[in-house]
Amino acid sequence: MPERFDTQKVWFVGAGPGDKSLITLKGYRLLQQAQVVIYAGSLINTELLEYCPADAQCHDSAGLTLEQITQLMLAGVNDGKLVVRLQTGDLSLYGSIREQGEVLSQHGVGFVSVPGVSSFLGAAAQLGVEYTVPEIAQSLIITRIEGRTPMPPKETLQAFARHQTSMAIFLSVQNISGVVSQLFAGGYPLDTPVAVVYKATWPDSQTVRGTLADISEKVTHAGIGKTALILVGAFLGDQFHYSKLYDADFSHEYRQA
Ligand code: SAH
């Protein structure tokens, strides 16, 4: 029996970072049954739409206003159709479900969220790295530089740089020189490793590696101005300590030294 989905609600689905196999099984099943799909054409891999029935109505939200998007959703729900809103990566980071959800709720329609693989996870997998490295970095800061969206004053890149831990910086590559100067002013040494990953998990992905000293020039030279993550920190370098978990001299709940 195929899973049945409630057509009284709008289904927000995390599309994953790009690779069309990196969607959850639940997201895939929703696409298989979808009758109305509204997708963020500027960021998601449109090959995902191949999972939808041939007669599904698919709308690119890139040129639509919030009002137009929610009208499409409400019309679908009112017609008893399964409505899927497909957004890049995971919905909980730099998404817009809250504003869409509020308009829907004003019309008495609820929504359900289905998580996705965020691009910062796709990028780490592609590089084969861990953001947490024993004794080097045990925290990850997910942030962005101010753009048209201002930053809360306590959350500037410069303020976060004080921790010198791992960082995944979204929505900022267009201002790579501003990112570099704030990180440096905040305390990261100039030899801190940086990787800029363009379109992680897509076939045309590109990675530029460097340090705070040269990454800005390298990224400009590579012509990367959007859809990229700036990963910063010693986790990208060669400093490394073995974790205690698999250490033969270390006992824990499941193993005696
Ligand atoms: N919700 C998304 C983020 C949306 S904001 C997520 O979880 O990934 C859009 C920003 O995400 C882009 O500007 C870029 O910084 C980043 N991004 C999205 N997809 C990406 C990818 N495949 N590779 C690198 N960065 C990506």
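Trainee: Which residue places a backbone N or O atom 2.8 Å from a nitrogen atom of the ligand?

Mentor: Bear in mind that this is a predicted model. A pair of N or O atoms counts as a polar contact within 3.5 Å, and the 2.8 Å pair here joins a nitrogen atom of the ligand to a backbone N or O atom of P17.

Trainee: How much of the accessible area that the ligand has on its own does the protein cover?

Mentor: On its own the ligand has 540 Å² of accessible area, and the space it takes is the largest pocket. Of that area, the protein covers 95%.

Trainee: Which residue brings a polar side-chain atom to an oxygen atom of the ligand, and at what distance?

Mentor: Oxygen atoms of the ligand appear in two of the pairs to consider, one of them with a backbone N or O atom of L171 at 3.0 Å. The pair with a polar side-chain atom has a distance of 2.7 Å, and the residue is S118.

Trainee: How many residues surround the ligand, and of what class are they?

Mentor: The ligand is surrounded by 18 residues, with D90, L93, S118, S119 and A200 the closest. Sorted by class, this shell has 2 charged, 5 polar and 11 nonpolar residues.

Trainee: From which domains does the shell around the ligand draw at least three residues each?

Mentor: The domain assignment divides the protein into two parts, 9-114 and 119-236, whose centres over C-alpha atoms are 29 Å apart. Across the boundary, 10 residues of domain 1 are in contact with 12 of domain 2. The shell draws at least three residues from each of domain 1 and domain 2.

Note on methods:
Residues numbered from 1 in each chain as written. Predicted model: local features only at pLDDT ≥ 70, side-chain atom pairs only at ≥ 80, totals over all residues. Heavy atoms only, no water. Near = heavy atom within 4 Å. Polar contact = N/O pair within 3.5 Å; in protein donor to acceptor, adjacent residues only side chain to side chain. Areas by Shrake-Rupley, 256 points an atom, 1.4 Å probe, with all protein chains shown as cover. 1 Å grid on protein atoms, 1.4 Å probe; cavity = no way out; pocket = protein on both sides within 12 Å on 5 of 7 lines; lining within 4 Å. Sits in = over half its atoms within 2 Å of the grid points. Nonpolar A, V, L, I, M, F, W, Y, C, P; charged D, E, K, R; others polar. Domains from an automatic or database assignment. Contact = heavy atoms within 4.5 Å.
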